[in-house]
Amino acid sequence: MTSTSPPPGLARFNDLTESVARAALHEACASTAWVTRLLAARPYAAAADLYAAADAAMAGLTATDLAEAMAGHPPIGRPKPGDPTSAREQRGMAGASDELKAELLELNLAYQDKFGHVFLICATGRTGEQMRDAVKERIGNAPEREREIVRLELGKINRIRLARLVEED
């Protein structure tokens with residue numbers, strides 16, 4: 001006999017009040033539209049359903065929604081002080097040399113001048129050098145191409161954050 005109840009972490013998420021769930025989802029992604037779409041689809045039977053809803057919501061974000069989502073992310077190499085999520089995700093920069101940090105700051109500023117927003121990458125598991133190389137590679141992109149890459153990277157970040165939210169007991 002198979003169980004039809006969701007795993008404990010997901011069940012806990014499904015049972016949160018709307019305001020608490022909204023705050024938890026906002027920690028995963030700063031886009032109000034994304035959060036609203038995920039809230040509207042609760043309860044979720046399986047984590048895969050939540051991830052599919054998150055992907056669909058991400059695909060439907062407007063340029064304004066994407067800008068709102070990106071505004072919730074600090075620049076690479078400068079995690080938000082006191083924010084364990086930001087520090088954990090940017091762990092690859094923890095042991096970076098001063099030269100690499102300075103180079104990444106310069107690249108971040110050039111990227112921001114060109115595209116009007118922070119360089120966004122799923123930094124989890126990446127070294128400082130890999131992140132630097134990614135900025136160098138992506139800074140040559142056309143704005144339309146970069147917007148789609150940002151959407152994909154943001155989706156990866158959101159999935160990792162959602163997994164931490166619903167898969168931990």
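## Close-up views of the predicted model

**View A. Helix 5 gives the largest share of the lining of the second largest pocket, namely four residues.** The model shown here and in the other views is predicted, with local features requiring pLDDT of at least 70 and side-chain atom pairs pLDDT 80 or more, whereas totals for chains, interfaces and linings use all residues. Residues are numbered from 1 along each chain as its sequence is written, and side-chain values use heavy atoms, without hydrogens or water. A pocket is an open set of points on a 1 Å grid over the protein atoms alone, where a 1.4 Å probe fits, with protein on both sides within 12 Å along at least five of seven lines; lining residues have an atom within 4 Å of a point. The lining consists of Ala63, Leu66, Ala67, Met70, Lys114, Phe115, Gly116, His117, Pro143, Arg147 and Val150. Two or more of these residues come from each of helix 5 (63-70), helix 7 (98-115) and helix 9 (143-167). By class, the lining has seven nonpolar, two polar and two charged residues (nonpolar: Ala, Val, Leu, Ile, Met, Phe, Trp, Tyr, Cys and Pro; charged: Asp, Glu, Lys and Arg; polar: the others, Gly among them).

**View B. Proline 143 belongs to helix 9 and is one of the residues lining the second largest pocket.** With a relative accessibility of 40%, proline 143 counts as partly exposed (buried is under 20% relative accessible area, exposed over 50%, partly exposed in between, with a 1.4 Å probe and protein chains only). Lysine 114, which also contributes to the pocket lining, is separated from proline 143 by 29 residues in sequence and by 8.4 Å in space, C-alpha to C-alpha.

**View C. The whole protein chain has nine helices and zero strands.** Helices (H or I, at least four residues) and strands (E, at least two) are DSSP runs, numbered from the N terminus. Along the sequence the pattern reads α-α-α-α-α-α-α-α-α. The chain has 169 residues, of which 44% are buried. Among contacts (heavy atoms within 4.5 Å) between residues at least 6 apart in sequence, 69% join residues at least 24 apart.

**View D. Helix 3 (residues 32-40) and helix 4 (residues 47-59) cross at roughly 145 degrees, and their axes come within 9 Å.** Axes are lines fitted to C-alpha atoms, for helices over the stretch in contact, and angles run from 0 to 180 degrees between N-to-C directions. From helix 3, Trp34, Arg37 and Leu38 meet Leu50, Ala53, Ala54, Ala57 and Met58 of helix 4. Seven nonpolar residues, one charged residue and no polar residues form this contact. The buried residues of helix 3 are Ala33, Trp34, Val35, Leu38 and Leu39. These buried residues pack against helix 2 (18-28), helix 4, helix 5 and helix 9.

**View E. A cis peptide bond joins arginine 42 to proline 43, with omega near 0 degrees.** Proline 43 is located in the loop between helix 3 and helix 4. Alanine 40, by contrast, is a residue of helix 3. Its relative accessibility is 65%, and alanine 40 therefore counts as exposed. The C-alpha atoms of alanine 40 and alanine 53 are 9.9 Å apart, although 13 residues separate the two along the chain. Alanine 53 is among the helix 4 residues that helix 3 meets.

**View F. Leucine 162 is situated in helix 9 and is buried, with 0% relative accessibility.** When residues up to four places away in sequence are not counted, leucine 162 touches Leu25, Ala28, Trp34, Leu38, Leu50, Tyr51 and Ala54. Of these partners, Trp34 and Leu38 are also among the buried residues of helix 3, while Leu50 and Ala54 are among the residues of helix 4 that meet helix 3. Glutamate 27 lies 135 residues from leucine 162 in sequence, yet the C-alpha atoms of the two are 9.4 Å apart.

**View G. Asparagine 158 is a further residue of helix 9, and its relative accessible area of 2% makes it buried.** Its contacts, again without residues up to four places away in sequence, are with Ala28, Cys29, Trp34 and Met58. Ala28 and Trp34 are also touched by leucine 162.

**View H. Arginine 151, likewise in helix 9, is buried at a relative accessible area of 14%.** Leaving aside neighbours within four places in sequence, arginine 151 is in contact with Met58, Ala59, Gly60, Leu61 and Leu66. Met58 is also a contact of asparagine 158, and Leu66 is one of the residues lining the second largest pocket.
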